[in-house]
Amino acid sequence: MALAVGIRGLTRSLLRPWVRVPGPARGRTEPAAGGGDGVRCFGSPRVLVEPDPAAGFAVMKMRNPPVNSLSLEFLTELLISLEKLESDKAFHAIILTSDCPGIFSAGLDLMEMCGRDPTHYAEYWKAVQELWLRFYLSHLVVISAINGVNAAGGCLLALSCDYRVLADNPKYAMGLNETLLGIIAPFWFKDTLVNTVGHRTAERALQLGLLFPPAEALQVGMVDKVVPEDQVLSAARSELAQWLAIPGHARQLTKSLMRKPTADRLLKERDADIQNFVRFISRDAIQKALRVYLEKLKQKKT
Ligand SMILES: CCCC/C=C/CC(=O)SCCNC(=O)CCNC(=O)[C@H](O)C(C)(C)COP(=O)(O)OP(=O)(O)OC[C@H]1O[C@@H](n2cnc3c(N)ncnc32)[C@H](O)[C@@H]1OP(=O)(O)O
């Protein structure tokens, strides 16, 4: 099986980088994230970036409706946006949020893990790994402004940030709920959760597939702050000031010191992790469980 799927090659083949933002924002000069004027938003079809270079940060808005599920194309666009901001010295931080009302992310796209062939599963998983590694180890300060429900892979993305602000709405639960689907959070999902909330809370949360409403998410340390819904972005911006006041090299090296051992575990066995995923997800019983789960999601509406 061809495991050496290069995400950079993939990004080049899938996307024209920095296409003009489609829809309402196309060609428009919008107020920058931090309030500066005349800075152009940019991005790709599923990721809108509102830069505020004068303030040193950009707001990255996920907009893959209806639920920001992390499809291969969406993962690729998130990676391209991150790379673009990381390679521009004007930017020291990102605020990651959602443009889909009431939803931060429904996690990995189940359609990418259902009824496809092993080569596709391998390509998809490599992109999931890459997204985590790049966000988890980014030299930028990354703060998530969680403005909606946030399941599994979406929660992993938020846990990879340096700080999390969650909107105070009881519907906006978040957690690694993989077991509810009959699947298992991989070790690096688990490690990221353990590093955030500690072993005991993670053990219980992972086994039970718990999705924590805001008050509980705050209590267990899954998020750092809960604020009224209309203040999520402003709270993230205020928090950013403290992070940006620290000398950049000292903060970055400290982040790396804290996170590299966790990332190295995956880096050392990346191909084996892909093979495990492909084997696991290809099993008839797992495919059946995912189909049943998807069917339940659809039936919920009727
Ligand atoms: C070793 C294996 C490890 C694999 C690791 C996997 C990690 C993961 O991330 S697995 C994904 C886990 N995600 C979830 O359990 C969330 C599922 N979704 C929901 O609970 C709900 O959709 C929602 C609470 C996020 C939103 O509810 P809402 O009522 O607003 O919308 P829906 O009507 O449920 O959904 C709209 C539409 O979107 C489809 N959909 C929802 N989630 C996903 C998804 N993760 N992947 C693909 N598609 C998804 C849903 O079926 C609906 O589709 P239709 O409009 O066609 O019916």
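What follows is a walk through this predicted model, from its two sheets to its helix pairs, one unusual loop and the ligand site.

Let us begin with the seven-stranded sheet. Strands of a sheet pair through backbone hydrogen bonds, either parallel or antiparallel. Here the seven strands form an open sheet with mixed pairing, and reading across it you meet β1, β2, β3, β4, β6, β8 and β10 in that order. The edges belong to β1 (42-44) and β10 (225-227); each has a single partner strand, so one side of each is left without a neighbour in the sheet. On average, neighbouring strands are turned by 20 degrees against each other, direction ignored.

To see one pairing in detail, look at β6 (residues 141-146) and β8 (residues 163-167). These two run parallel and are joined by four bridges. Within β6 and β8 you can find Ile 143 standing opposite Tyr 163. Helix α2 (residues 72-86) packs on this sheet, where it touches β1, β2 (47-52), β3 (57-62) and β4 (93-98). The direction of α2 makes about 175 degrees with that of β3.

The loop between β3 and α2 deserves a pause of its own. Most residues other than glycine have a negative phi, and most peptide bonds are trans. Against that background, the peptide bond joining Pro 65 and Pro 66 is cis, with an omega of about 10 degrees, and Pro 66 sits in this loop. Asn 68 lies in the loop between β3 and α2 as well, and although Asn 68 is not a glycine, its phi is positive, at about 50 degrees.

Now turn to the other sheet. Three strands make up this open sheet, in the order β5-β7-β9, and their pairing is parallel. Its edges are β5 (102-105) and β9 (174-175), each with a single partner strand, so one side of each has no neighbour in the sheet. Strand β7 (residues 148-151) pairs with β9 over two bridges, and the bridge partner of Ala 151 is Gly 175 in β9. Helix α4 (residues 152-159) packs on this sheet and touches β5, β7 and β9, its direction making about 100 degrees with that of β7.

Two helix pairs come next. Helix α10 (residues 270-282) and helix α11 (residues 284-299) have axes 5 Å apart and pack at an angle of about 70 degrees, which makes α10 roughly perpendicular to α11. The contact involves Phe 280, Ile 281 and Ser 282 of α10, together with Asp 284, Ile 286, Gln 287 and Leu 290 of α11.

In the second pair, the axes of helix α5 (residues 187-197) and helix α9 (residues 248-268) come within 10 Å and cross at roughly 175 degrees. The two helices are therefore roughly antiparallel to each other. From α5, Phe 187, Trp 188, Lys 190, Asp 191 and Asn 195 take part in the contact, and from α9, Thr 262, Arg 265 and Leu 266.

Finally, visit the ligand. Of the 26 residues around the ligand, those that come nearest are Ala 106, Leu 108, Tyr 293, Lys 300 and Lys 301. Ala 106 places a backbone N or O atom 2.8 Å from a ligand nitrogen atom. Two side chains approach ligand oxygen atoms: an N or O atom of Asn 177 at 3.0 Å, and a polar atom of Lys 298 at 2.9 Å. Taken alone, the ligand exposes 1,100 Å², and the protein buries 79% of that.

Note on methods: Residues numbered from 1 in each chain as written. Predicted model: local features only at pLDDT ≥ 70, side-chain atom pairs only at ≥ 80, totals over all residues. Heavy atoms only, no water. Pairing = 2+ DSSP bridges. Axes fitted to C-alpha atoms, helices over the stretch in contact; angles between N-to-C directions. Contact = heavy atoms within 4.5 Å. Near = heavy atom within 4 Å. Polar contact = N/O pair within 3.5 Å; in protein donor to acceptor, adjacent residues only side chain to side chain. Areas by Shrake-Rupley, 256 points an atom, 1.4 Å probe, with all protein chains shown as cover. Parallel < 35°, antiparallel > 145°, perpendicular 65-115°, else oblique.
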